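Grab a viewer and work through a few exercises on side-chain packing and pairing. Try each task yourself before you read its solution.

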Amino acid sequence: MNKVILMGRLTRDPEVRYTQTNNTLVASFSIAVNRRFVRQGEERQADFINIVAWSKTGEFCSKYFKKGQQVGIVGRIQTRNWDDEQGQKHYVTEVVAEEAYFADSKRDGESAGNFENTFGNVATSPEFEISSNDDLPF
């Protein structure tokens, strides 16, 4: 099984590009995920995880995710490699986002509920969508 669940802050706005073959949207960004423990006398460490989101999930991320925002990502780890023009081999490990969520409690002074009412469903997963008619326990 290959499943990853991450929560962290965007280190930059998502970058969007389109594939050459069938013009599919791809959004790329990274999130800083704090490590669980801090060694005494040291600052908290973070891991910087590269994320790739395709099609509708990528479109959602590119429209609504901004640098500094806390987000939740559910996806899978993927590795790939290629040779550059000089024949040097490059290896990349990244997370392919299958679901993307807002994880901040507020955005630009608005409550999460107001943001949800403005933009509709905030989740991109068909298994977990919040609408303004749902009774939420929080």
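The exercises below use a predicted model, and each one comes with a worked solution.

**Exercise 1. Take the aromatic pair of Phe65 and Phe102: work out its geometry and which parts of the chain it ties together.**

Start with the general idea: a pair of aromatic rings is described by the distance of the centres and the angle of the planes. For Phe65 and Phe102, the centres are 5.7 Å apart and the planes make an angle of 70°. Angles over 60 degrees count as edge-to-face, so that's the label for Phe65 and Phe102.

Next, place the two residues. Phe65 sits in the loop between α1 (55–64) and β5 (70–83), while Phe102 belongs to strand β6 (residues 89–102), so the pair joins parts that are 37 residues apart in sequence.

Now zoom out. The structure has six aromatic pairs, and one aromatic cluster is made up of Phe29, Phe60, Tyr64, Phe65 and Phe102.

**Exercise 2. Is Phe65 buried or exposed, and what is it in contact with?**

First check accessibility: Phe65 has 0% relative accessibility, so it counts as buried.

Then list the neighbours, skipping those within four places in sequence. Phe65 is in contact with Leu10, Pro14, Phe29, Phe60, Val71, Ile73, Ala100, Tyr101 and Phe102.

Finally, look at the nonpolar core. In soluble globular proteins, nonpolar side chains tend to be buried together. The largest nonpolar core here has 19 residues, and Phe65 is among those that touch the most other members, along with Phe29, Ile31, Ile51 and Ile73. As for where this core comes from, β1 (4–10), β3, β4 (46–54), α1, β5 and β6 each supply at least two residues.

**Exercise 3. Find Thr19 and describe its surroundings.**

Locate Thr19 in the loop between β2 (15–18) and β3 (25–34). Its relative accessible area is 16%, and the cut-off for buried is under 20%, so Thr19 is buried.

Now follow the side chain of Thr19: it reaches the backbone nitrogen of Thr24 at 2.9 Å. Leaving aside neighbours within four places in sequence, the contacts of Thr19 are Thr24, Val26 and Trp54.

**Exercise 4. Where in the chain do the partners of the salt bridges Arg35–Asp47, Lys63–Glu59 and Arg76–Glu98 lie?**

Side chains of opposite charge can pair when their charged atoms come close. The count for this model is seven salt bridges, and we'll take three of them one at a time.

- Arg35 and Asp47: the closest N and O atoms are 2.7 Å apart. Arg35 is in the loop between β3 and β4 and Asp47 is in strand β4, twelve residues apart, and the pair links distant parts of the chain. Arg35 is partly exposed at 40% relative accessible area, and Asp47 is partly exposed at 28%.
- Lys63 and Glu59: this salt bridge spans 3.5 Å from N to O. Both residues lie in helix α1, four residues apart, about one turn of the helix. Lys63 is partly exposed at 49%, and Glu59 is partly exposed at 37%.
- Arg76 and Glu98: here the N to O distance is 3.2 Å. Arg76 is in strand β5 and Glu98 in strand β6, so the salt bridge ties together parts that are 22 residues apart in sequence. Arg76 is partly exposed at 31%, and Glu98 is partly exposed at 41%.

Note on methods:
Residues are numbered from 1 along each chain as its sequence is written. This is a predicted model: local features need pLDDT of at least 70, side-chain atom pairs count only at pLDDT 80 or more; totals for chains, interfaces and linings use all residues. Side-chain values use heavy atoms; hydrogens and water are left out. Rings of Phe, Tyr and Trp (its six-membered ring) pair if their centres lie within 6.5 Å; planes under 30 degrees apart count as stacked, over 60 as edge-to-face and the rest as tilted. Buried means under 20% relative accessible area, exposed over 50%, partly exposed in between (1.4 Å probe, protein chains only). A polar contact is a pair of N or O atoms within 3.5 Å; within protein, one must be able to donate a hydrogen and the other to accept it, and residues adjacent in sequence count only if both atoms are side-chain atoms. Contact means heavy atoms within 4.5 Å. A nonpolar core is a set of buried Ala, Val, Leu, Ile, Met, Phe, Trp, Tyr and Cys residues joined through side-chain atoms within 4.5 Å. A salt bridge is a side-chain nitrogen of Lys or Arg within 4 Å of a carboxyl oxygen of Asp or Glu.
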